[in-house]
Amino acid sequence: MEAIAFYIFSILIIGLFLVTILSKDILYSMSSLAAGMVLISGLFFILGADFLGAVQLVVYSGAIMALYTFGMMFFDATRVVKEKNSSGMLVFLLSGLIAVILVVIFAAPAIGSHIKPLVQATKGIDNPHAIGEVLFTKYLIPFEVAAIMLLVAMIAGIILASKKMDESLSEIYIDGDPEAELKEQK
């Protein structure tokens, strides 16, 4: 039963990420990205890694929802985006980079079998407690710096979006002339 659920989730995740990449509508892309991240957390739950599944839901899916909010603030969802890619070299380099990443991913278990952990597990505590112990002792400063950077990015995004609140990007003008609508409203 777990194998069937694993394959169903895998197919759905790949499909959703293809929609993310291939969709020209930013709302569809961000929605499918968020759904894919939620399904990845389902994979962790199926594999018995409950803590990683919960972290995936809270951290990554929450980050995608924040990205969704920024996308709604900064992009005009009513306008159709037309992309053009005239550089074949860029596509070739990105494809090669993806191939190298896939080789590293598949070779990682063989390479990683000889790596020793930096922090030894403490006897008598479970995995979430061990992660919390390391995170809030050894890596406390980077953790706090990352939190402050995210806070600054959120405040900057709100400030940048509020400067354009007077101008609506999706406003429909009479005959394409913004002055005509302003005169009509007066």
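**Exercise 1. Which residues is Gln-56 in contact with, leaving aside its neighbours within four places in sequence?**

Before starting, note that this is a predicted model.

Solution. Begin by placing the residue: Gln-56 sits in helix α3. Next, set aside the neighbours within four places in sequence; the contacts of Gln-56 are then Met-37, Ile-40, Ser-41, Phe-44 and Ser-61. Finally, look at the helix α2, which spans 26-46. The buried residues of α3 pack against this helix.

**Exercise 2. Decide whether Gln-56 is buried or exposed.**

Solution. Start with the cut-off: a residue is called buried when its relative accessible area is under 20%. Then take the value for this residue. Gln-56 has 7% relative accessibility, so it counts as buried. Now widen the view to the helix: Gly-53, Ser-61, Ile-64 and Gly-71 are among the other buried residues of α3.

**Exercise 3. Describe the length and course of α3.**

Solution. First, count: the helix has 25 residues. Second, go from the first C-alpha to the last, which gives 35 Å. Third, compare with the expected span; at 1.5 Å a residue this is 36 Å, and the helix comes close to it. Last, check for a bend: α3 turns by about 30° at Gln-56. That is the residue you have just found to be buried.

**Exercise 4. Find the nonpolar patch on the surface and say which element gives the most to it.**

Solution. Step one is to list the members: Met-73, Phe-74, Leu-151, Met-154, Ile-155, Ile-158, Ile-159 and Leu-160. Together they have about 700 Å² of accessible area. Step two is to assign them to elements; those giving two or more residues are α3 (50-74) and α6 (140-163). Step three names the main contributor: α6 gives the most, with six residues. As a final check, take one member from α3. Met-73 lies in this helix, and because its relative accessibility is 32%, it counts as partly exposed.

**Exercise 5. Summarise the whole protein chain.**

Solution. Begin with the secondary structure: there are seven helices and zero strands. From the N terminus on, the order therefore reads α-α-α-α-α-α-α. Then turn to burial, where 14% of the 186 residues are buried. The accessible surface comes to about 14900 Å², and carbon and sulfur atoms hold 72% of it. To finish, consider contacts with a separation of 6 or more: residues 24 or more positions apart account for 51% of these.

Terms used
Residues numbered from 1 in each chain as written. Predicted model: local features only at pLDDT ≥ 70, side-chain atom pairs only at ≥ 80, totals over all residues. Heavy atoms only, no water. Patch = residues over 30% accessible without salt bridge, like charges linked within 9 Å, V, L, I, M, F, W, Y side chains within 5 Å. Areas by Shrake-Rupley, 256 points an atom, 1.4 Å probe, with all protein chains shown as cover. Salt bridge = Lys/Arg side-chain N within 4 Å of Asp/Glu carboxyl O. Helix = DSSP H or I, 4+ residues; strand = E, 2+ residues; numbered from the N terminus. Buried < 20%, exposed > 50% of the residue type's maximum accessible area, 1.4 Å probe, protein only. Contact = heavy atoms within 4.5 Å. Expected span 1.5 Å × (residues − 1). Bend = angle between axes of the 7 residues up to and from the residue.
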